[in-house]
Amino acid sequence: MKLRVYRIAVALGVATIAAAGTAQAQMRDRLEKISGIAVGDGIQKNIGGQIGTGRGNVQTPDSSIFIIQRDPFRSVRRGRQLFQRKFLPTQGFSGRDRAGNIATDASIGAGVVDSCAGCHGRPRGSAGFGGDVFTRPDSRDAPHLFGLGLQEMLGDEITADLRAIRAQALAAAQSSGTPQTRTLTSKGISYGSITANPNGTFVTTGVVGVNTDLRVRPFFAQGGTISIREFLVGAFNAEMGIQSDDADLRNAAINRQRITTPAGMVLDGALDAIEGPPVTGNNGLDPDGDGVSNELPISLVDHEEFYLLNYFKPATSISPDRAADVNAGRTIFNNVGCASCHIASLTINVDRRVADVETVFSDFNPGSPTTSGNPLNRLFATATAKIVTIDDPGSFPVLKRPALQSFVVNNFFADLKRHDLGNNFAERNFDGTLQRQFITEPLWGVATTAPYGHDGRSQTLEEVIIRHGGEAQAARDSFVAQSRANKNLVLAFLTSLVLFPPDDTASNTANINPGAANFPQAGHGAIALTPLFNNPADLE
Amino acid sequence: MALVAVIGVSVAVWALVSLARHPKGDPDTETEAAAVARPGGPTAQADLSRLRRAIEVLSQAHADLGGTDRRGAMNDLLSQGDAPTKLTLLLEAAASDPTEPDKDPLWGEMVQGLAAIWQGDTINSGIDLMVTESRPRARDAVVSSFAKLALERTSELTPPQQQRLTEAFIDLHNRLPALQRREVESAARKIAGNDVADLMQGKGMASDDELEVNREYKRALQDSQRVAAQ
């Protein structure tokens with residue numbers, strides 16, 4: 001067995017190709033009963049082609065495990081195409097029966113949409129943000145999904161750290177015969193303290209910002225869900241009426257087993273309350289009665305999870321003529337206290353992604369096509385592989401596994417803690433109660449995602465800053481006390497944190513080609529995954 | 001324990017470098033010299049013993065902080081040719097040395113040794129290290145090395161590296177000891193301009209016209225109004 005280690009960062013450095021395809025917010029596949037889609041546009045595989053040979057294993061060609069482990073960039077692309085796919089009623093998409101008690105089942109108020117991109121489709125072609133949904137009386141604003149895998153990994157690692165501290169406290173209590181208190185700190189973030197008693201019980205009144213089970217739940221505004229897999233299976237059901245009997249979630253949630261998903265996330269039903277799939281052996285395979293069973297086979301869940309794990313993080317767009325304003329604004333942001341919760345950088349110890357994409361400002365420069373942004377958004381993305389390859393016995397392509405190195409998540413601006421942000425941020429539930437605690441919203445991408453707040457009720461960045469209260473009152477007041485000019489500098493900094501349309505963003509996998517006919521409608525470059533496939537001619 | 005850890009990390013780094021030099025790890029192509037020097041080989045064992053002693057010397061309290069023992073130990077570490085190994089050893093020494101940096105006559109040499117490691121793409125990894133290094137004294141040494149780099153070798157920073165370093169300085173500043181704060185303020189003044197440095201020092205928060213960007217904006221606005229009035 002030959003092991004090749006790619007040291008630190010191996011730029012992908014793949015030649016520009018023309019087959020990357022263009023993108024729309026939502027897409028039909030070319031094999032459906034529609035015409036007029038040019039070759040290279042749309043989804044190239046029908047739903048059966050995307051399902052492939054099921055989950056399989058590393059020896060089963062065209063299975064999700066085989067593709068994730070031997071052709072991972074294809075899996076990412078396939079997950080992306082699934083994310084954009086406009087599902088049809090014949091594939092299980094349906095406006096399910098919305099009868100029931102919305103106070104106990106918020107998904108009754110969810111929209112009916114035929115694709116993931118219907119709610120998370122801006123900027124165009126991305127897993128971005130979208131409109132408001134009626135899962136609360138005052139609506140919830142669909143967040144962007146850029147950098148989702150990094151959030152999952154951070155939450156999971158912090159949980160492991162906090163639980164390790166709890167275990168040390170318990171061991172010390174039992175060996176000493178007296179209660180032992182430990183501070184709960186991970187990645188420089190304080191979650192209060194916990195006291196272990198010799199009899200194995202814990203005093204958790206000192207725990208702050210996280211449930212007493214010490215599980216960080218990075219997803220949903222209130223901090224409700226642990227993993228991407230639970231998130232996506234739940235959303236497919238609640239928003240699209242597409243139901244999955246996902247074996248991983250079933251085994252973790254119902255059978256209380258410890259499972260590792262193909263994307264490497266460990267879900268342990270003995271330790272955590274895992275959200276089960278909507279379809280189980282107890283309610284049959286067509287609980288919505290639409291005549292379609294097995295609507296979301298496990299291989300599709302695998303590709304979708306892998307795509308979202310690896311999804312690009314947001315960009316920073318700082319043109320040279322804005323740098324002074326942005327940097328001054330960032331310093332004021334720190335000085336007034338925003339950074340006490342909106343922490344700029346956090347470190348992941350073990351990065352499960354197969355690549356990182358760093359996207360920054362780069363002015364359009366036809367003389368330097370290999371590093372130039374295009375006129376559409378003046379951004380350039382650099383993709384860096386983070387894999388090791390293992391040439392295992394047999395004739396299959398080599399295994400390409402994540403290098404599992406550490407990774408610094410820069411320009412994140414969150415602490416993965418819940419906070420009470422005061423009355424202006426409180427949220428009404430349908431049963432009349434108020435949700436007062438919200439997990440800190442990462443500020444990356446914030447320039448692109450108006451309106452603001454969990455409910456989208458603040459139209460501008462300044463309004464949502466001023467809306468802060470509770471634990472953020474002092475920082476908010478300090479911002480308000482700034483001069484108009486200084487406030488503008490903070491806003492200049494925040495507007496440098498942007499999202500981007502991947503298929504319209506030049507990168508080292510697809511440079512600009514200013515000589516192309518109709519440039520920049522053609523030849524504008526893209527973050528192209530197709531050149532990284534084992535067989536780039538086999539399009540997704 | 002710490003020493004075991006550093007040697008372990010060092011060997012791991014060494015192994016990575018070795019694999020990178022011989023991507024297929026083919027033992028048939030290994031030279032005799034490489035076999036002697038590889039982890040576990042006689043030369044490597046001797047080197048590790050010497051380096052272990054150097055770190056032990058630096059981790060102890062000394063009456064004469066600039067004495068030959070400490071200086072010799074530091075020179076042993078600084079003489080390491082392999083950058084990843086040198087980095088690992090210097091950071092371990094920095095972390096285990098109880099001497100306060102502003103009283104340490106060898107601090108500047110260590111900072112210089114670290115700064116010399118930052119070249120080309122390793123600058124990006126080094127900036128990340130300012131965030132990831134959790135041992136305070138080691139983190140401070142890395143910060144000081146980048147402040148030195150920013151002040152003395154500004155032209156070696158690419159524009160993205162300059163921006164990233166500015167951001168790291170801004171984000172870290174409030175958490176640093178006084179010595180590193182002062183260094184970072186000077187470095188920020190060099191690579192990011194007066195406003196960032198002034199704001200780090202607590203200036204510019206009280207009124208509209210303390211910052212250069214705001215004065216410039218106001219001047220431009222007045223110019224426009226003057227033109228419009230004519």
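Trainee: Why is A:Phe146 called buried?

Mentor: Buried means under 20% relative accessible area, exposed over 50%, and partly exposed in between, with a 1.4 Å probe and protein chains only. A:Phe146 has a relative accessible area of 0%, so it counts as buried. Keep in mind that this is a predicted model, where local features need pLDDT of at least 70, side-chain atom pairs count only at pLDDT 80 or more, and totals for chains, interfaces and linings use all residues. Residues are numbered from 1 along each chain as its sequence is written, chains are lettered from A and ligands numbered from 1 in the order in which they are written, and side-chain values use heavy atoms, leaving out hydrogens and water.

Trainee: What makes A:Phe146 and A:Tyr311 an edge-to-face pair?

Mentor: Rings of Phe, Tyr and Trp (its six-membered ring) pair if their centres lie within 6.5 Å; planes under 30 degrees apart are stacked, over 60 edge-to-face, and the rest tilted. Here the centres are 4.9 Å apart and the planes at 70°, which fits edge-to-face. A:Phe146 sits in the loop between β4 (140-141) and α4 of chain A, and A:Tyr311 in the loop between α7 and β10 (315-316) of chain A, so the pair ties together parts 165 residues apart in sequence. A:Tyr311 is buried too, because its relative accessible area is 3%.

Trainee: Why is the pair of A:Phe220 and A:Phe231 called tilted?

Mentor: Their planes are at 45° and their centres 5.6 Å apart, so tilted is the word. A:Phe220 is in the loop between β7 (202-203) and α5 of chain A, and A:Phe231 in helix α5 of chain A, 11 residues apart.

Trainee: Which label does A:Phe220 get: buried, partly exposed or exposed?

Mentor: Partly exposed, because its relative accessibility is 44%. A:Phe231, at 13%, is buried.

Trainee: How do you know that α5(A) is mostly covered?

Mentor: Just count: 11 of its 13 residues are buried. Helices (H or I, at least four residues) and strands (E, at least two) are DSSP runs, numbered from the N terminus. The buried residues of α5(A) pack against several elements of chain A, including α4 (148-176) and α7 (298-309).

Trainee: What makes A:Arg353 count as lying over the face of A:Phe407?

Mentor: A charge sits over a ring if NZ of Lys or CZ of Arg is within 6 Å of the ring centre and within 35 degrees of the ring normal. A:Arg353 is 4.4 Å from the ring centre of A:Phe407. Likewise, the charged end of A:Arg467 sits over the ring of A:Phe425, 4.7 Å from its centre.

Key
Contact = heavy atoms within 4.5 Å.
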